[in-house]
Amino acid sequence: MTFDDFDVLDWTTQKVGAPASWPEPGDSGELDDGTRVEFWDYGVFALTPAQPGSKDVILSCAIHGNETAPIEMVRDMLHDIFSGKLQLRQRTLFLIGNPQAIMIGKRFVDYNMNRLFSGAHKSGDTPEHKRAADIESYVTKFYNEAPADGKRQRLHYDLHTAIRDSAYEKFAVYPFTHGGPYKKEQLTFLAECGVTTILLNQAPTTTFSYYSVRSHGADAFTVELGKVRPFGENDMSRFADADRMFRKLISQDQLDLPAFDATRHTIFDVYRTINRTQQGFRLNFPGDVANFTEFEQGYLLAVDESVEYHVEQPGERIIFPNADVAIGQRALLTVVELPLDQLELV
Ligand SMILES: [Zn+2]
């Protein structure tokens, strides 16, 4: 096939009027440098260079359909690979998570897809349930098809932008390690991406990144790169460090990372999860409060019908507040800072 006029996003969203010459899911092609391009599904591109390095990298975006900046980043990377501007060195699966939500410009169609992994998709039959199941099968296929040539590194960065402002603009969620150590190399890579704030998730979840950690032994992260804006309105200079590092990751044999420097990183641990269990749930702060905002001890954060939630710890901060979640789902997390020297690092 010819890649000259191919538009990743138009194909992924099955734009009406797209050229008939464009691939169908299941098709494959080859670039001039021998890189094999497989179109597994709309938004799912498996790329294998002629001489693959030792990393198997997944870059995913649009698990939430309105998080445009990472979609633009992934789209541009693919276009640069297709045009020969960016030479791929590592096997890479590019995954644009929720095309149907992109089409309607919404976070999701029926259900928050980032609560549907590690089998949680079996509990329903919305478009998101089906897509999450498909995505799990693509991740499994990608890691299973890696060459059997000694030690390989599985990596997965699931790229997001937040709905709201954040006192720390960029941050990554480090999924539950089940007691395993945290990796200095990964913390340093994230810091080079401009992500120096890390939120530890100390329990199993149904997020995409935890699925890759738990089911595939990958180093995987949910990476929040800033605030949601409409397509074309993102200031891509704010994402330049992340874009540069992801391009290096997939195009170079080895990353020349600087030495680990503990002073670069700010670590937060989840202190509490507050779920909405009643119809009459409300948050007691303005809807546009930034993530990681700190409230004084005793401040009333939320009321779940008759149950009141007050700030308990000095330095306790709120994150991901959303009073409109379905009953039974998480409406708010609170976090506290954790000294880095309390983590087991390798
Ligand atoms: Zn998101």
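## Q186 and its partner

The side chains of Q186 and Y157 share a polar contact of 2.6 Å (a pair of N or O atoms within 3.5 Å; within protein, one must be able to donate a hydrogen and the other to accept it, and residues adjacent in sequence count only if both atoms are side-chain atoms). This is a predicted model, where local features need pLDDT of at least 70 and side-chain atom pairs pLDDT 80 or more, while totals for chains, interfaces and linings use all residues. Residues are numbered from 1 along each chain as its sequence is written, and side-chain values use heavy atoms, with hydrogens and water left out.

Q186 sits in helix 5 (residues 184-192); helices are DSSP runs of H or I, at least four residues, and strands are runs of E, at least two, numbered from the N terminus. With a relative accessible area of 2%, Q186 is buried (under 20%, using a 1.4 Å probe and protein chains only). Setting aside neighbours within four places in sequence, Q186 is in contact (heavy atoms within 4.5 Å) with Q153, L155, Y157, D219 and F221.

## E224, from the record

UniProt lists E224 under "active site" in an unreviewed entry; such annotations may be inferred rather than shown by experiment, and positions follow the numbering used here, with feature names shortened. E224 belongs to strand 9 (residues 219-227) and counts as buried at 7% relative accessibility.

A polar atom of the E224 side chain lies 3.3 Å from the backbone nitrogen of A162. Not counting residues up to four places away in sequence, E224 also touches others, including H160, E169, K170 and F320.

Definitions and conventions. Buried means under 20% relative accessible area, exposed over 50%, partly exposed in between (1.4 Å probe, protein chains only).
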